[in-house]
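This report describes selected packing, pairing and charge features of one protein chain. The sequence and the coordinates come first, and the discussion follows.

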Amino acid sequence: MDVLCSVPIQIPVHRIRVTARCLAIGGPVHSAVLRLLDIWGEEPEPIAEVLGLPISYVERLLGDLERGGEPIEREFVLWVDHARRRVLPHTALSGVAVKPSRSGPFTLREDPPTPNMLEDMGLQSGLSWDMGLEGSVEVLDIIDAVADIRDRALPHELRLPDTQLVIRAEETGGPPFNLAVTQHGAQDPLLTRWARANFADQLKKWLEHSRLVSDPQALSDLLDLTGPGKWDPLTPDPRQLRAEIVGAAESAQERLLLAAPDLRSLPAWLDDTLIAADERDVPIVLCPGKPELVPAKPLWGFSTIEAPDAPLGLMVLADEHRALAHSDPAAALDLAADPVRHHLRASSDQPTIDRLLQRLGLSRLRPSAPREQITPSLIASMLATDLRRLRSDLPRGVRAEIQPEDERFALETIDRKIGRDGPTHSAHKTTAGIAWERVLIERVSDLAARYGQISILAIRWKPPGISLDLDVIVHDHAKGLVWVLDAKNAKKTDGQLEKMIDQIYFLKKHSDMLAGASAIRGAIVHRARQLERSPEPTERPDILRCTLHGLPELLLAKRLPGEQRQDRPEAA
């Protein structure tokens, strides 16, 4: 099926306050008592002595745990993801979900959930996350469930980030269009099913009044979009668009140009791409329709040019060797856009690019002065310095040293993504990331040597033909799944989720790597100061975040919050 277009849509999530009476297991006291139960059984005296608690309290607590948990009544602050029918703790979406825009993309509206709806959405599992790893909550009674409007800085209704409606031409004999929903560039079956089941009539009416119906062969003036020359047509779906733009940006060494009528608001994935280019000291040039239509306070530097004859679409030009053009800049930049036939074109033809430079009023690049080269010895020194700053994250008795394969991997990564001219900020960021990977590898290797529950399947595995590497792949025998661990020495971003989605997607294609496991989960591993809590769920059911300090508890737990409790593993 041909992709006709991809338009941004707004899918709501609600922040609510739930007051409930429940039976709860979780927290340090409960965890300690449950661990000691494995050692001494149900005798309260030794447990009370070790924990310094009254015997009567321990007796009562043991009885509560036997009946399913300690009776509590408390207030929880939660996010409700209607589309995936999930209830999540407050921190799961903070800083990731985005504010809705009244003038923004097409909105699929949902009312705040009722108590009955919450129970069907897995309220107990969401509350269990609030009780910590291996926590569990059995709801006895929902006393109140209301919208949480107390935080004036953050609306109680937000939207999932980076969601698009992909519209394809259906094969003959069926409806005119096939609809799917993507997030972070990847098709999401749960979001797609929700949109089709609840908004089919609304979407049908929207499409009937669009140019896809009134003018199905509509072509934005491609000559005006690209100018004359040799341009190759590409599929205009979200994954292809961002892969092409990211690839072009990574290939740029002397100049990266971005042109569109309005550049004030850029999607997170494109902003991350420009940050990465700026960190490599690549000059970024913006060409908006008007000089003031540029980002207000970006985290990257740029210059602006005026080009009265600039194309009306979205244009990306990497140095003088790669040009990309998209016919609908609003849709490509996650702004309000109506369904209309999209076109994505690419060119590496030199005469074509020369004409484009002339149209934009840009002169040809002059050869730049040679810069200090990044040598293997410099890479080794940078890695060693970065690792010294990270060793304190490891527990006593676990050591990490830079290995020859780390140096080779750093050189390969820099050659592929950055180039040897430098050392740029991006080169330093690369070595810092690889040093953090080495810390993660040593921590997981130590856990695998001490516990029979987990084993390492692969380190820095690269899917064939794909510019992607999976830091550590772990077989979790107790939970019957495979973990993809991605080391991230950075605060949480949408781009990290997007990368993890790709890693899981390509690993599923190689079932021989799964050691017979039936499921794959991803864990993005941060430093302690980069997360509010660990582990932390994300809006993706199969992806978590955790700190290196919290990683052992996550891997060695017999279950995740809300699942049936089992015994803890024993050291080998």
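## Packing of helix α3

The buried residues of α3 pack against β2, α1 (28-40), α2 (44-51) and β3. The model is a predicted one, and every value below is computed from it. The buried residues in question are Val-58, Leu-61, Leu-62, Gly-63, Asp-64 and Leu-65. Helix α3 itself covers residues 55-66, which makes 12 residues. From its first C-alpha to its last, α3 reaches 17 Å, close to the 16 Å expected at 1.5 Å a residue. In general, an α-helix has 3.6 residues a turn, so residues three or four places apart point the same way. Just after α3, Gly-68 adopts a positive phi of about 115°.

## The five-stranded sheet

Five strands make up an open sheet with mixed pairing, in the order β5-β1-β8-β9-β10. The edges are held by β5 (106-107) and β10 (186-187); each has a single partner strand, so one side of each is left without a neighbour in the sheet. On the β5 side, β1 (residues 3-10) pairs with β5 in the parallel sense over two bridges. Within this pairing, Ile-9 has Phe-106 of β5 as its bridge partner. Helix α6 (residues 189-208) packs on the sheet and touches β1, β5, β8 (163-169), β9 (177-183) and β10. The direction of α6 makes about 130° with that of β9.

## Salt bridges

The count of salt bridges in the model comes to 39. Three of these pairs are set out in the table, with the N to O distance for each.

| Pair | N to O distance |
|---|---|
| Arg-17 and Glu-75 | 3.4 Å |
| Asp-130 and Arg-74 | 3.2 Å |
| Asp-486 and Lys-488 | 3.2 Å |

What does the salt bridge between Arg-17 and Glu-75 tie together? Arg-17 lies in strand β2 (residues 12-25) and Glu-75 in strand β3 (residues 70-81), so the pair ties together parts that are 58 residues apart in sequence. Arg-17 is partly exposed because its relative accessible area is 21%, and Glu-75, at 35%, is likewise partly exposed.

The side chains of Asp-130 and Arg-74 also meet in a salt bridge. This pair links distant parts of the chain, 56 residues apart: Asp-130 is in the loop between α5 (123-129) and β6 (136-147), while Arg-74 is in strand β3. Asp-130 has a relative accessible area of 24% and is therefore partly exposed. Arg-74 counts as partly exposed at 30% relative accessibility.

Are the partners in the salt bridge of Asp-486 with Lys-488 buried or exposed? Both Asp-486 and Lys-488 are buried. Elsewhere, salt bridges that share partners join Glu-405, Asp-406, Glu-437, Arg-438, Glu-442 and Arg-460 into one network.

## The surroundings of Ile-504

Ile-504 is located in helix α16 (residues 494-508). With a relative accessibility of 3%, Ile-504 counts as buried, because the cut-off for that class is under 20%. Which residues is Ile-504 in contact with, leaving aside its neighbours within four places in sequence? The contacts are Ile-520, Arg-521, Gly-522, Asp-542 and Ile-543. For Thr-273, the C-alpha to C-alpha distance to Ile-504 is 21 Å in space, and the two residues are 231 residues apart in sequence.

Definitions and conventions:
Residues numbered from 1 in each chain as written. Predicted model: local features only at pLDDT ≥ 70, side-chain atom pairs only at ≥ 80, totals over all residues. Heavy atoms only, no water. Helix = DSSP H or I, 4+ residues; strand = E, 2+ residues; numbered from the N terminus. Buried < 20%, exposed > 50% of the residue type's maximum accessible area, 1.4 Å probe, protein only. Contact = heavy atoms within 4.5 Å. Salt bridge = Lys/Arg side-chain N within 4 Å of Asp/Glu carboxyl O. Pairing = 2+ DSSP bridges. Axes fitted to C-alpha atoms, helices over the stretch in contact; angles between N-to-C directions. Expected span 1.5 Å × (residues − 1).
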